[in-house]
Amino acid sequence: MTRSSRSARTAATAPRRTGHRRLPVLAALAAATALVTGLAAPAYAAGPTTADAAPVAEGRPGFHPERDFAGSTVAAHEGRGAAPYASLAVAQTPGMDVASYQGNVDWSTAAANGARFAYVKATEGTGYTNPYFAQQYNGSYNAGMIRGAYHFALPNSSSGATQANYFVSHGGGWSADGQTLPPALDIEYNPYGATCYGLSQSAMVSWIRDFSNTVQYRTGRYPTIYTTTNWWTQCTGNYGGFGSTNPLWIARYSSSPGTLPNGWGYQTFWQYADSGTFPGDQNLFNGAADRLSALALG
């Protein structure tokens with residue numbers, strides 16, 4: 001199936017995304033260069049960016065949280081490139097991220113094929129929770145993976161603190177059990193309108209700080225920040241103040257993570273493809289499995 005035909009499908013009718021065939025990942029990181037193209041979640045064109053475009057509000061016609069996930073806007077804005085290098089600076093640990101589009105995930109198979117961690121979409125804005133969250137979040141845990149929850153941000157909808165509280169109260173918590181990643185903030189291109197959600201760069205930084213500080217207050221952990229370098233530069237002015245507290249989850253569908261946003265000397269997670277071996281998006285943790293466990297423990 002071509003990507004153009006996939007883009008016309010809705011999450012309500014599409015089957016969950018999986019790879020056409022599975023590859024053992026632990027045998028060698030070089031397997032990442034031989035990814036097969038799985039059924040990807042529906043890509044859709046970037047939203048309107050003109051100043052007079054009518055914004056879409058939560059719960060109103062045109063609102064599609066079931067189609068929004070970590071990276072759902074990336075390919076439309078930044079494209080897709082080559083598979084990642086087989087040899088990176090340090091050992092990499094493979095994992096995945098999923099949302100409602102994947103439905104009930106076969107976690108035992110994903111784990112058998114080498115996935116060691118998963119991020120699961122929990123919420124969006126202040127009115128949406130992933131209906132498959134329990135199966136995905138608990139299922140990955142039961143399969144022996146280290147897992148965490150993420151929130152899809154709508155900075156023009158409500159304050160950072162309001163969305164952080166909604167997120168933490170609906171799955172975005174953390175516990176020092178060795179299998180829970182820091183909660184994550186997915187902040188990327190606006191799927192409903194202006195790229196930066198109508199916020200100035202300083203207002204966006206304040207929104208992210210508000211969200212981050214609230215999550216830290218509620219959970220004891222600063223959230224991982226998922227973004228792309230291009231979006232971060234455009235919408236925050238390439239602000240460098242989060243690198244000392246918040247792990248970076250960079251999205252770049254290319255052979256390397258590329259230039260990172262200001263303030264981060266390295267990425268903690270890299271989402272390098274939106275389809276492949278595992279259901280959902282394909283990710284690498286920048287370190288060996290014991291370092292992933294250390295991150296989970298805090």
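Pro94 stands opposite Leu284 in strand E9. This pair belongs to a predicted model, and the strands around it are a convenient place to start.

**Strands E1, E9 and their partners**

Strand E1 covers residues 93–98 and runs antiparallel to E9, to which five bridges join it. A further residue of E1, Met96, faces Gln282 of E9. On its other pairing, E1 meets strand E2 (residues 117–124) in the parallel sense, over three bridges. There Val98 has Val120 of E2 as its bridge partner. E9 also pairs with strand E8 (residues 269–273), again antiparallel, through four bridges. Within that pairing, Gln271 is matched with Asn283 of E9. The pairings are set out below.

| Strand pair | Sense | Bridges | A bridge partner pair |
|---|---|---|---|
| E1 and E9 | antiparallel | five | Met96 and Gln282 |
| E8 and E9 | antiparallel | four | Gln271 and Asn283 |
| E1 and E2 | parallel | three | Val98 and Val120 |

Strand E9 (residues 281–285) has five of its five residues buried, so it is largely enclosed by the rest of the structure. From E9, Asp281, Asn283 and Phe285 point one way, while Gln282 and Leu284 point the other way, and all are buried. E1 is likewise mostly covered, with six of its six residues buried. Thr93, Gly95 and Asp97 point to one side of E1 and Pro94, Met96 and Val98 to the other, and all are buried.

**Gln136 in helix H4**

Gln136 lies in helix H4, which spans residues 133–142. Its relative accessibility is 0%, so Gln136 counts as buried, the cut-off being under 20%. Leaving out residues up to four places away in sequence, Gln136 touches Val98, Ala99, Ser100, Gln102, Gly103, Val105, Trp107, Val120 and Asn130. Two of these contacts, Val98 and Val120, are the bridge partners that link E1 and E2.

**Helices H6 and H7**

The axes of helix H6 (residues 201–219) and helix H7 (residues 229–236) come within 7 Å and cross at roughly 115°. H6 and H7 are therefore roughly perpendicular to each other, since that class takes in angles of 65 to 115 degrees. On the H6 side the contact is made by Gln201, Met204, Val205 and Ile208, and on the H7 side by Trp231, Trp232, Thr233, Gln234, Cys235 and Thr236. By type, the residues of this contact are six nonpolar, four polar and no charged.

**Nonpolar cores**

In soluble globular proteins, nonpolar side chains tend to be buried together. Here the largest nonpolar core has 47 residues, and those with the most contacts inside it are Met96, Met145, Ile187, Ile208, Trp231 and Trp232. H6 gives the most to this core, with six residues. Another core, of 20 residues, lies apart from it and includes Val74, Ala75, Ile146 and Ala251.

Which residues does Trp232 contact, leaving aside its neighbours within four places in sequence? They are Ile187, Ile208, Ile225, Thr227, Gly237, Asn238, Tyr239, Phe242, Pro261, Asn262 and Trp264. Ile187 and Ile208, both in this list, are also among the residues with the most contacts inside the largest core.

**The protein as a whole**

The protein has eight helices and nine strands. Of its 298 residues, 54% count as buried. Among contacts between residues at least 6 apart in sequence, 71% join residues at least 24 apart.

Key. Residues numbered from 1 in each chain as written. Predicted model: local features only at pLDDT ≥ 70, side-chain atom pairs only at ≥ 80, totals over all residues. Heavy atoms only, no water. Helix = DSSP H or I, 4+ residues; strand = E, 2+ residues; numbered from the N terminus. Buried < 20%, exposed > 50% of the residue type's maximum accessible area, 1.4 Å probe, protein only. Contact = heavy atoms within 4.5 Å. Axes fitted to C-alpha atoms, helices over the stretch in contact; angles between N-to-C directions. Parallel < 35°, antiparallel > 145°, perpendicular 65-115°, else oblique. Nonpolar A, V, L, I, M, F, W, Y, C, P; charged D, E, K, R; others polar. Core = buried A, V, L, I, M, F, W, Y, C linked by side-chain atoms within 4.5 Å. Pairing = 2+ DSSP bridges.
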